[in-house]
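Got the sequence and the fold open on your screen? Let's take a walk through it, starting with the sheet and ending with a few loop residues.

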Amino acid sequence: MGKHMTVADNQHSVLLENVYKLINKKVAPDRVEQVTNFSKILFKNIARDDLDNRSDDNLYGATLSLWNQFVDYQGEAPFIRAFNPAISKHGWQSTHTIVEIIVTDMPFLVDSVRMALNKMGITAHLLLHCPIGLKRDEQHTFVSFEDANSKKKEVIRQTIILVEVDRQTSKLALTQLTEELMSVVNDVSMAVLDWQPMRTRLRDIIEEFKSSKCPISTEQKKQTENFLVWLNDHNFTL
């Protein structure tokens, strides 16, 4: 198991238990359950090593900061913020720059964020991400968590990403980082908008091919059909 053991495998994480206690103590009573569930989603896959040398105050601060943006997230555009939390301004602190991203769930997102940071020569010391199934009301305010794989029309999927990166000391560096990530996320979004119709078209072609008359043997036709299905099964980026 070693390094990659997650908290879920860990019988008891005192640090995270303390975070939940802080939520219980500090968050408005009607929001405690929601914020606790939100933090459990956020920290679900955190490696034990990533909890070393962390304080419950800072993890609580990071959770609440992201939740406050998430609860009323409007959904029209990605939310991306890079900042250096300070006790005086934010009520918590970190030696790193914090990046918060909230966006409609889409494929290729996390890898694209990682690649953008690598391209900028910025090290990610922690990268947590999770797609969340949820319902929102007409004002886009959070209503409830739902099964992320639900096919119900009212259930939407949004992804939260929390990244700790090398500290960016100037306002300009923070702005450049935010703009670069916004550009990358928008590029992914554009590509995915094209990608889904292309996958649908390929599915149609496969269906048409099954019933079409081809001047090839049954065996060759079956191989071709299998190949097209394989392509469409996430084995080729259209």
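What follows covers the sheet, the helices on it, the nonpolar cores and some loops, all in a predicted model.

**The sheet**

Start with the open sheet: five strands in the order 1-2-5-3-4, with antiparallel pairing. Strand 1 (79-83) and strand 4 sit at the edges with a single partner strand each, so one side of each has no neighbour in the sheet. On average, neighbouring strands are turned by 30° against each other, direction ignored.

At one edge, strand 1 and strand 2 pair in the antiparallel sense over five bridges. Look for I80 there: its bridge partner in strand 2 is I101. Strand 3 and strand 4 also pair in the antiparallel sense, over four bridges, and R136 stands opposite F142 in strand 4.

Two helices to find next are helix 2 and helix 6. Helix 2 packs on the sheet and touches strand 3, strand 4 and strand 5, with its direction at about 45° to that of strand 4. Helix 6 (residues 109-119) packs on the sheet too, touching strand 2, strand 3 and strand 5, and its direction makes about 25° with that of strand 5.

**The cores**

Which residues touch the most other members of the largest nonpolar core? They are I23, F70 and I160, out of 34 residues in that core. The elements giving two or more residues to this core are helix 1 (14-26), helix 2 (32-42), helix 4, strand 2 (97-104), strand 3 and strand 5. There is also a second, separate core of 22 residues, and A82, V103, I161 and L181 are among them.

I160 is worth clicking on. Leaving out residues up to four places away in sequence, I160 touches F38, L42, L66, F70, I101, I102, L128, H129, C130 and I132.

**The loops**

Here are four loop residues side by side.

| Residue | Loop between | Relative accessible area |
|---|---|---|
| Q168 | strand 5 (156-165) and helix 7 (171-211) | 12%, buried |
| N53 | helix 3 (48-51) and helix 4 (56-70) | 84%, exposed |
| H140 | strand 3 (124-136) and strand 4 (142-146) | 27%, partly exposed |
| S150 | strand 4 and strand 5 | 24%, partly exposed |

Q168 counts as buried because its relative accessible area is 12%, and the cut-off for buried is under 20%. What is Q168 in contact with, leaving aside its neighbours within four places in sequence? The list is N84, T97, I122, A173, L174 and L177. Closer along the chain, a polar atom of the Q168 side chain lies 2.7 Å from the backbone oxygen of D166.

N53 is at the other end of the scale: it is exposed because its relative accessible area is 84%, with the cut-off for exposed at over 50%. Check its backbone as well, since phi of N53 is near 55°, a positive value in a residue other than glycine. Most residues other than glycine have a negative phi.

H140 has a positive phi too, near 70°. This residue belongs to the hairpin of strand 3 and strand 4, which has five residues between the strands.

Finally, S150. Its side chain reaches the backbone nitrogen of K152 at 3.1 Å. S150 and L134 are 16 residues apart in sequence, and their C-alpha atoms are 9.6 Å apart in space.

Terms used
Residues numbered from 1 in each chain as written. Predicted model: local features only at pLDDT ≥ 70, side-chain atom pairs only at ≥ 80, totals over all residues. Heavy atoms only, no water. Buried < 20%, exposed > 50% of the residue type's maximum accessible area, 1.4 Å probe, protein only. Polar contact = N/O pair within 3.5 Å; in protein donor to acceptor, adjacent residues only side chain to side chain. Contact = heavy atoms within 4.5 Å. Core = buried A, V, L, I, M, F, W, Y, C linked by side-chain atoms within 4.5 Å. Pairing = 2+ DSSP bridges. Axes fitted to C-alpha atoms, helices over the stretch in contact; angles between N-to-C directions.
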